[in-house]
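Me: I'd like a close look at one part of this protein, please. Could you walk me through the loop that comes just ahead of the salt-bridged stretch I keep staring at, and then show me how it fits with what lies around it?

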Amino acid sequence: MSAPVKKTIREINERLSKGKAVILTAEEMVEAVKKMGKTAAAKEVDVVTTGTFSPMCSSGLLFNFGQEPPVMKASQVWLNNVPCMAGLAAVDAYMGCTEPSVDDPLNKVYPGRFKYGGGHVIEDLLRGKAVRLKALAYGTDCYPRRSLEKDVTLAQLRNAELINPRNCYQNYNVAVNLTSRIIYTYMGPLRPNCKNANYATAGQISPLLNDPFLRTIGLGTRIWLGGGTGWVIGAGTQHNPRPPRNARGVPEVASGTLMLKGDLKGMSAKWIRGVSILGYGCSMAVGLGIPIPILDEEMAFYTGVSDADITVAVRDYGHDYPNGIDRILGYVTFEELKSGQITVNGETVKSVPVTSYSASLEIAQDLKSKLEKGEFFLTEAQDKIPSY
């Protein structure tokens, strides 16, 4: 019997630095594990790259706009008329991506249907556009200024950090609507009488489905975020580490989440995009990728997960979701969802992705390229995230 496969992140980084590491995207790893088995795949492959590009509402920008005499301690701040949370200290503020502009023209015609919000401001900054900063203060002896208004660009902000409290869901719902009227949700418009089924995550290449027990992901994990470098800073809000799981470790319901950070000045507007979801409001599409080190056979097995292995819960957003009823209409596989139609209550329903699989795969491929070129290395997690 051959010795079990055991690698360390340090050893893998040494192979990366010498250009000898074998790196596959999560899509490629599915086929590798099928062909070679988990033991041979664990010996052969060093890193698997994952990716996802999807609206992630729990995201935002922590920024410092700098002082100019006379100095101030801002208590109210707006960027392009999008309210920000001030009261953090002096000229720090946080802008959530779902916060709408106070003068959104679409909202005046269709209340609640916002066109422009925090996510769009962040994209505008990444595109090099100037945005209008307005700040108010009550004035003190040490901070006498009471107001400030000027145009600022991303380069002119002293600090601009993307701080995302909850990203990268580990599995999620399939959303349907069993009522007789159309409803507007963060999963997109849902037609009456179950005429469409909207779903999220990138399936077999989604980061947390390739490391379901978070063995290699924790505080301090370096990630690909928005086209630049980001970091995992802990469990995200609403993190649920103890869901029912299948043999692959895949949770049957929405489970793990991550809290992330990264320097916005190193990111790209291609991968951080403001979005307006009809009837729901503003959000932001975030691109992220996580490299998964293949430390042993178990990690090879997990990263070999395919769309056919991933089951997703179908929920009625018309009756149940707004009332907090945890009812599941049934389960479908991600393979079925990607076919374009599923069966719900005996009826054929069109399935529609909210997450872009092609963009998610492009992220995994770009991360793979950076690892191969020695432009990206793995980090050891400094603290574990609960996963069971």
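What follows looks at the loop between α5 and β15, and then at other features of the model.

Reply: Happy to take you through this. Please keep in mind that the model is predicted.

Let's begin with L214, which sits in the loop between α5 and β15. Its phi is near 50°, a positive value in a residue that is not glycine. Most residues other than glycine have a negative phi. L214 is also buried, with a relative accessible area of 2%.

R215 is in this loop too, and here there is a side-chain contact to look at: R215 and E298 meet in a salt bridge, at 2.7 Å from N to O. E298 belongs to helix α6 (residues 297–303), while R215 is in the loop between α5 (207–210) and β15 (218–219), so the pair ties together parts that are 83 residues apart in sequence. Are these two partners buried or exposed? Neither label fits: E298 is partly exposed at 35% relative accessibility, and R215 is partly exposed as well, at 28%.

T201 makes a good companion to L214. You will find T201 in the loop between β14 (196–199) and α5. Phi of T201 is near 80°, again a positive value in a residue other than glycine. T201 is buried, with a relative accessible area of 9%.

Now for the empty space. The structure holds one cavity of 30 Å³ or more, and the largest cavity contains about 40 Å³ of space. Which residues line the largest cavity? They are I9, T216, T221, R222, P291, P293, L378 and T379. Sorted by class, this lining has four nonpolar, three polar and one charged residues.

The largest pocket is another place to explore, with about 730 Å³ of space. Its lining is made by 31 residues, and Y169, Y172, Y186, Q238 and Y321 lie nearest the centre. The elements that give two or more residues to this lining are β3 (52–55), β10 (159–167) and β22 (311–316). Of the elements, β3 gives the most, with three residues. By class, the pocket lining has 15 nonpolar, 10 polar and six charged residues.

Back to salt bridges, since the R215 pair has company. How many salt bridges are there in the model? The count comes to 21. One of them joins E28 and K368, whose closest N and O atoms are 3.0 Å apart. This pair links distant parts of the chain: E28 is in helix α2 (residues 26–44) and K368 in helix α8 (residues 357–372), 340 residues apart. The two ends have their own surroundings: E28 is partly exposed, with a relative accessible area of 34%, whereas K368 counts as buried at 16% relative accessibility.

Another pair is E123 and R273, whose side chains meet in a salt bridge at 3.4 Å from N to O. E123 lies in helix α4 (residues 118–126) and R273 in strand β19 (residues 272–277), so this contact ties together parts that are 150 residues apart in sequence. E123 is buried, with a relative accessible area of 10%, while R273 counts as partly exposed at 33%.

Two more spots deserve a visit while you have the model open. The peptide bond from P69 to P70 is cis, with omega near -10°. Most peptide bonds are trans. P70 lies in the loop between β4 and β5 (76–79).

Strand β4 (residues 60–64) also holds L62. Together with M85 and L88, L62 makes a nonpolar surface patch of about 250 Å². Why can L62 be part of such a patch? A patch residue needs over 30% relative accessible area, and L62 is partly exposed at 33%, so L62 passes that cut-off.

To come back to your loop: L214 is buried and has a positive phi, and R215 reaches E298 through a salt bridge. If you display those residues first, then T201 in the loop between β14 and α5, you will have a good starting view for the rest.

Terms used:
Residues are numbered from 1 along each chain as its sequence is written. This is a predicted model: local features need pLDDT of at least 70, side-chain atom pairs count only at pLDDT 80 or more; totals for chains, interfaces and linings use all residues. Side-chain values use heavy atoms; hydrogens and water are left out. On a 1 Å grid over the protein atoms alone, a cavity is a set of points where a 1.4 Å probe fits but cannot get out, and a pocket is an open set with protein on both sides within 12 Å along at least five of seven lines; lining residues have an atom within 4 Å of a point. Grid points are joined across faces, edges and corners, and a volume is the space filled by probe spheres set on the points. Ala, Val, Leu, Ile, Met, Phe, Trp, Tyr, Cys and Pro count as nonpolar, Asp, Glu, Lys and Arg as charged, and the others, Gly among them, as polar. Patches are made of residues with over 30% relative accessible area and no salt bridge: like charges are joined within 9 Å, nonpolar side chains (Val, Leu, Ile, Met, Phe, Trp, Tyr) within 5 Å. Accessible areas come from the Shrake-Rupley method with a 1.4 Å probe; for residues, only the protein chains shown count as cover. A salt bridge is a side-chain nitrogen of Lys or Arg within 4 Å of a carboxyl oxygen of Asp or Glu. Helices (H or I, at least four residues) and strands (E, at least two) are DSSP runs, numbered from the N terminus. Buried means under 20% relative accessible area, exposed over 50%, partly exposed in between (1.4 Å probe, protein chains only).
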